[in-house]
Amino acid sequence: MRYRTGDILIDLDAREILHGGTPVEVEAKVFDLIALLLRERRRALDKRELNAALWGERPVTDAALSQQLRKARRALGDDGDAQRVIRTVHGRGLRWVADVVELTDAQPATPPPAVAPAAPAARAVELPAPGRRPRRFAWAVLCACVLLLAGIFGYRSFPPPVDTSSATGTRIAILPIEDRSGDDGLAWTRSGLMGLMAGLFGEDARIDVVPAKDVLASDKAARVLDADGVAALRAAFGATHLVATRLRRVGSLYELDLRLVGAGAAERSETLHGSAPAPLAVDAVAQVRRWLGLAALPDVRHKGIESAFLAEAYARGLDAQLHGDTAGARRYFEICLDQDPALAWPRLGLAIAQGTAGDAQASADNAAKVAAAAREQGDEELLVAAERQLGSLAFRRGDLEGAARHLQAALADVSESRPFVLTDLLVAQASVEDERGRFDEARALFERALALARGTGNRRGEALVLVNLAAVDNGAGDAAAAGAKLREGLDAARVAGDATLEGHTLASLGATEANQGRLLDAATLLQQALALARRRGDVQLEMLASLQLLGVLAPFDRDADIAILAGRVRNAAERQHNPYWQAELDWALGLHAARRGDLADALRRYAAARATYAEAGIARSLAPVLTDIVAAAAANGDAKTAHEAADAFRAIAQADARSWAAWLPLLDAQVRFVDGDAAGARDELAARLDRAPAATGPAAQASLFQLGRWQVAAGAPDDLLLRDAWKPWLGQHPEAIALHVRALRSAHRDEEADAEQARLDRLQRAPQLAVSEPAPATP
């Protein structure tokens with residue numbers, strides 16, 4: 001009762017699996033499944049037989065068997081893609097297909113050297129996608145912009161809107177499912193079935209569909225469908241038709257009330273019946289298509305809805321992805337692919353979830369498979385979505401040429417008759433061009449997107465363009481212009497009812513206020529973004545706002561409030577298996593430790609964040625954390641660490657001078673300081689600021705504060721007291737005020753110092769800085 005396949009030994013009597021001689025721990029039921037398939041390897045075993053053997057008469061869901069199958073494949077070095085050992089035979093069940101050698105007592109358990117081992121499926125370390133907490137607040141704005149850009153590229157977790165080139169001019173908004181079943185286990189249907197229906201409407205239909213994520217982001221989606229509600233929803237989504245549904249449970253059956261509200265308040269309705277919710281959503285799409293005079297649904301098996309089980313798994317994956325539950329999304333999409341690796345849209349959903357979690361290589365592999373399948377099938381919608389995801393991954397790893405190439409491929413399949421999709425893609429392309437240093441081309445694309453959005457009444461698109469234009473202004477050091485565009489974008493997002501975009505705009509506006517030294521104003525805006533994120537259960541926005549707010553609170557020494565935010569981020573990172581958020585937290589707490597003078601702790605935290613960013617290849621985070629390592633090491637007298645980090649930064653700056661060259665004079669001065677030439681380092685920075693007294697941006701700010709710390713420590717306060725560049729920071733920035741107080745005392749201006757200290761004490765007690773524990777999220 002011992003079997004060998006590759007370098008895996010399975011001993012049925014001992015209930016043991018050895019991989020290359022190393023024991024593989026498996027649960028009892030997983031081993032039972034492996035043993036059953038191994039014994040019956042000459043035939044396929046159907047689901048009923050497998051369930052009976054594993055669970056007897058106890059009723060179980062299809063998901064239970066699928067989970068055991070995934071664990072069994074993983075224990076055997078197999079996966080749902082390769083299916084080298086256990087294969088899914090469609091319509092028949094599961095079958096063992098790997099070559100097996102049945103061992104006698106005389107035969108060795110280890111394989112001969114000529115046998116190639118079956119390597120276990122590699123699992124990359126999960127890292128998160130954009131939303132990083134910036135080193136300084138200019139980076140916060142860029143961070144929010146990148147997060148929005150990532151949404152443009154890759155947030156679609158189901159088929160994107162369909163071509164609107166027909167003369168019908170129809171645009172459908174599918175509202176969240178109203179669950180009247182009374183079953184808490186059906187909470188996933190609200191957005192999961194909505195996403196499933198939105199994707200199906202996009203298949204071979206000459207209509208436009210509002211993406212489910214945009215509907216879910218809108219506070220107006222809950223409006224009652226009276227005359228006023230219909231008008232508000234049409235205005236918010238630019239929709240000609242609204243689809244509303246209500247789910248009920250009647251005994252063992254389900255009922256779905258379906259309602260289509262068209263132009264002029266024309267309305268059709270019907271009640272559908274079935275044994276499971278997900279197939280009812282498929283039937284609802286077919287009925288609405290008949291009402292609209294469209295062709296029958298095409299073959300939807302490639303979407304993963306050929307059975308009630310797969311339809312539910314796919315819809316649950318969409319629901320998880322729409323709510324920012326990356327781990328849940330991955331789990332359900334993997335269940336779909338375990339059953340059928342050829343499913344294209346679940347594979348794209350998995351790629352997006354992997355990219356969001358930072359598993360970049362796995363995401364790229366899956367997105368490339370989807371793109372290849374789309375080309376083979378001639379499916380332009382699928383190809384556009386796959387190219388967007390590949391472009392997003394290229395952007396995150398700093399491959400701007402690759403990002404531009406994928407975007408151009410996506411744009412080639414989108415015509416002017418699809419204005420909503422085209423607006424998003426133009427914003428993405430413009431953002432990439434801006435990052436490439438092609439500023440005129442970027443602004444022209446942004447202006448084209450803005451005109452398109454305004455011309456079609458697309459207020460959400462208008463807000464998106466304005467937020468990204470604000471990032472361009474902020475990057476150029478014009479924080480005032482950035483703030484004006486963000487306020488205009490905030491108004492547009494609110495008119496559109498897009499609460500998600502509103503929240504990210506608030507976070508960007510808060511970062512812009514902090515860029516100008518107005519930290520209390522920044523705290524107010526970030527608290528608003530945080531409250532909105534909690535109210536809507538938007539985990540990505542909550543983490544972004546929490547980390548930015550932590551950065552605002554750190555100079556005020558609000559340790560208790562910082563602890564609340566840090567605990568929230570840490571718990572979310574563990575819950576989502578997202579070490580990137582933990583890296584962001586390490587970086588933020590490292591900055592706080594450095595301000596407190598605990599340089600050893602700061603360096604330890606920076607090193608942890610650096611390792612995560614380096615492993616993920618995220619230069620946009622790696623470069624600025626290296627500058628913090630140089631600063632902390634120089635202050636700690638650690639010349640070796642300072643030189644090593646400075647050299648690593650220079651290598652990045654050499655490849656991307658536009659983004660990083662402005663930091664080099666500061667790093668040179670800090671290295672000079674740690675090498676023992678403190679006076680020369682001070683003179684070098686002072687001369688730099690003299691040459692560009694009006695310079696703005698994070699490098700200029702960091703240079704100013706570093707110079708101030710050195711001058712006060714050296715008992716040379718005059719420069720700090722006289723330099724005009726300090727004025728914007730002396731209103732609300734505690735570190736600037738504290739340095740000013742020390743400079744005044746050094747200059748024997750004690751009365752002025754006492755007044756400034758009293759003002760600083762009042763600022764540190766400002767009510768807008770207080771952070772409270774969040775109430776439980778509303779389902």
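How many of the 779 residues of the chain count as buried? The share is 58%, where buried means under 20% relative accessible area, exposed over 50%, and partly exposed in between (1.4 Å probe, protein chains only).

A word on what you're looking at: this is a predicted model, where local features need pLDDT of at least 70 and side-chain atom pairs count only at pLDDT 80 or more, while totals for chains, interfaces and linings use all residues. Residues are numbered from 1 along each chain as its sequence is written, and side-chain values use heavy atoms, with hydrogens and water left out.

**The whole chain**

There are 33 helices and 13 strands here; these are DSSP runs (H or I, at least four residues, for helices; E, at least two, for strands), numbered from the N terminus. About 30400 Å² of the chain is exposed, and carbon and sulfur atoms supply 51% of that (Shrake-Rupley method, 1.4 Å probe). Of the contacts between residues at least 6 apart in sequence, 62% join residues at least 24 apart; contact means heavy atoms within 4.5 Å.

**The sheet at the start**

Five strands make an open sheet in the order S4-S3-S2-S1-S7, with antiparallel pairing. Two strands pair if DSSP finds at least two bridges between them. S4 (22-23) and S7 (101-103) are at the edges with a single partner strand each, so one side of each has no neighbour in the sheet.

S1 has these two partners:

| Pair | Bridges | One bridge pair or facing pair |
|---|---|---|
| S1 and S2, antiparallel | 4 bridges | Arg2 with Asp11 |
| S1 and S7, antiparallel | 3 bridges | Arg4 with Val101 |

Tyr3 also stands opposite Ile10 in S2. From S1, Arg2 and Arg4 point one way and Tyr3 and Thr5 the other, and all are buried. S1 and S2 form a hairpin with 2 residues between them, and Gly6 in that turn has a positive phi of about 60 degrees.

**Two helices crossing**

Further along, H5 (residues 189-201) packs with H9 (residues 308-322) at an angle of about 110 degrees, their axes 7 Å apart. Axes are lines fitted to C-alpha atoms, for helices over the stretch in contact, and angles run from 0 to 180 degrees between N-to-C directions. H5 and H9 are therefore roughly perpendicular; angles of 65 to 115 degrees count as that, under 35 as roughly parallel, over 145 as roughly antiparallel and the rest as oblique.

On the H5 side, the residues in contact include Leu193 and Leu196, and on the H9 side they include Tyr314 and Leu318.
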